Amino acid sequence: MKKIATMQDISCVGKCSLTVALPVISAMCIETAVIPTAVLSTHTMFSGFTFHDLTGEIVPIMDHWQKEGFAFDALYTGYLGSFEQLNIAASLFARFGAASLKIVDPCMADNGKLYAGFTKEFAQAMKGLCAKADIICPNMTEASFLLDIPYQTEYDEVYVRDVLRQLTDLGAKKAVLTGISLAKGKLGAYAYDSETDTFLSYFNDEEAEHFHGTGDIWASTLCGGLVNGKSFAEAIAIACDFVKECIHVTLQEENHNTYGVNFEQAIPYLIQRLNG
Ligand code: PXL
C-alpha cells in the first residue's frame with residue numbers, strides 16, 4: 001500500500017489541514033501518517049481560537065519512525081506555525097525524503113493578506129522549505145509573499161508564467177498556482193515544470209462562493225493523485241474537479257457551513273473521478 005506522511009496542524013473544528021488531509025488521502029486508498037504540529041480549537045479565521053503547540057513532539061516522532069524504518073511515497077507539509085517547524089519540516093525531508101515525492105503547500109495567506117500570526121519574515125523563511133520541495137502549490141497571495149512582490153488581483157497569463165518561473169527559481173522543480181482566474185467565471189490552476197520547461201493549466205466554471213480549507217483539500221488531492229500514479233496534469237485536474245464538486249455540494253445545502261466545505265459528501269465523486 002502506498003503511504004504519505006503529512007505534517008500540519010489539527011484544527012478541531014474548521015475542516016482544514018489534517019482534518020481534511022487524513023480523510024481525503026485515505027479515501028484515495030493511501031495510508032496517511034500524520035505529524036500534528038499544533039492543536040487549535042478552530043482554524044484561525046474564528047476569533048478566540050485556542051492553540052497548543054506540539055513542536056516538542058515532532059522530532060521524537062521522527063526519531064521513532066526512523067528506528068522503525070518507516071518509508072513514505074510522499075511527504076506533504078501544510079500549515080506550519082513557526083520558524084522552528086519550518087526547520088523541522090526540512091529535516092523531515094532530509095531524513096525520510098530520499099526516495100519520496102516532497103510537496104510543500106506554503107499555507108500562510110489568502111486574499112492579499114497573511115493569516116493571523118504570520119509575518120513577512122516567516123514568508124521569507126518559508127522560501128527555504130520551498131527550495132527543498134519537488135512541488136510547491138501556493139495561491140497567488142502566498143506566491144507574492146514568497147517572492148516579495150506586490151499582490152495583484154488583476155493579472156494576465158504572461159504575469160502568471162513569470163510568477164511560476166520565479167517560484168521554481170526558489171528551488172522546487174515544479175510549481176502550481178492555485179485559485180487562478182484568467183477569464184471571468186473561470187477558476188483553476190496554472191503550473192510549471194522547470195525540468196521540462198513546460199506550462200499547463202486547468203480551469204473550471206467558478207462556483208458562486210469561495211470557502212476556507214479548499215486549498216488544503218486541493219493539495220491533499222494533488223498528493224493522492226500523484227502517489228496513485230497520475231501524471232502531474234491529471235492530478236491537477238482531479239484536484240480542481242474535486243474542489244469544485246466539494247463547493248457544489250456545499251451550496252446545495254440550505255444553511256450550509258461557512259467555515260469549510262461538505263467535502264465528505266463529495267468523497268464518492270472523488271473515488272469515481274480517480275478511477276474513471
Ligand atoms: O487552510 C489553511 C489553514 C490551516 N490551519 C490553520 C489555519 C488555516 C487557515 O487559516 O488557520 C490553523
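Select Asp9 and the ligand: a polar side-chain atom of Asp9 lies 2.7 Å from a nitrogen atom of the ligand. This is a predicted model, and the distances in this tour are computed from it.

Next, add Thr44 and Asp216 to the selection. An N or O atom in the side chain of Thr44 is 2.6 Å from an oxygen atom of the ligand. For Asp216, a side-chain N or O atom is 2.7 Å from an oxygen atom of the ligand. On its own the ligand has 310 Å² of accessible area, and the protein covers 98% of that.

Now show the residues around the ligand. From the start of the chain these are Asp9, Ser11, Cys16 and Ser17, then Leu40, His43, Thr44 and Met45, and further on Tyr79, Tyr115, His212 and Asp216.

Hide the side chains and turn to the sheet. Nine strands make up an open sheet with mixed pairing, and their order is 3-2-1-4-5-8-9-10-11. Strand 3 and strand 11 (198-205) are the edge strands, each pairing on one side only.

Select residues 3-13 and 31-42, which are strand 1 and strand 2. These two run parallel and are joined by nine bridges. To find the register, pick Ile4, which stands opposite Thr32 in strand 2. Between the two strands the chain passes through helix 1 (residues 18-27), and this β-α-β crossover is right-handed.

From strand 2, move to residues 51-53, which form strand 3. Here the pairing is antiparallel, with three bridges between strand 2 and strand 3. Label Ala38 and Asp53, which are bridge partners.

Go across to the other end of the strand order. Select residues 174-180 for strand 9 and residues 186-193 for strand 10; five bridges pair them in the antiparallel sense. Lys174 has Asp193 of strand 10 as its bridge partner. With these strands still shown, add helix 8 (residues 232-252), which packs on the sheet and touches strand 8 (135-136), strand 9, strand 10 and strand 11. The direction of helix 8 makes about 20° with that of strand 11.

Finish on strand 10 and strand 11. How many bridges pair these two strands? There are eight, and the sense is antiparallel. One bridge to select is that of Tyr192 with Phe199 in strand 11. Then zoom in on the hairpin of strand 10 and strand 11, where four residues lie between the strands. In this hairpin, select Asp197 and read its backbone torsions: phi is positive, near 55°.

Notes:
Residues are numbered from 1 along each chain as its sequence is written. This is a predicted model: local features need pLDDT of at least 70, side-chain atom pairs count only at pLDDT 80 or more; totals for chains, interfaces and linings use all residues. Side-chain values use heavy atoms; hydrogens and water are left out. Two strands pair if DSSP finds at least two bridges between them. A crossover is right-handed if, with the strands pointing away from the viewer, the path from the first strand over the helix to the second runs clockwise. Contact means heavy atoms within 4.5 Å. Axes are lines fitted to C-alpha atoms, for helices over the stretch in contact, and angles run from 0 to 180 degrees between N-to-C directions. A residue is near a molecule or strand if one of its heavy atoms lies within 4 Å of it. A polar contact is a pair of N or O atoms within 3.5 Å; within protein, one must be able to donate a hydrogen and the other to accept it, and residues adjacent in sequence count only if both atoms are side-chain atoms. Accessible areas come from the Shrake-Rupley method with a 1.4 Å probe; for residues, only the protein chains shown count as cover.
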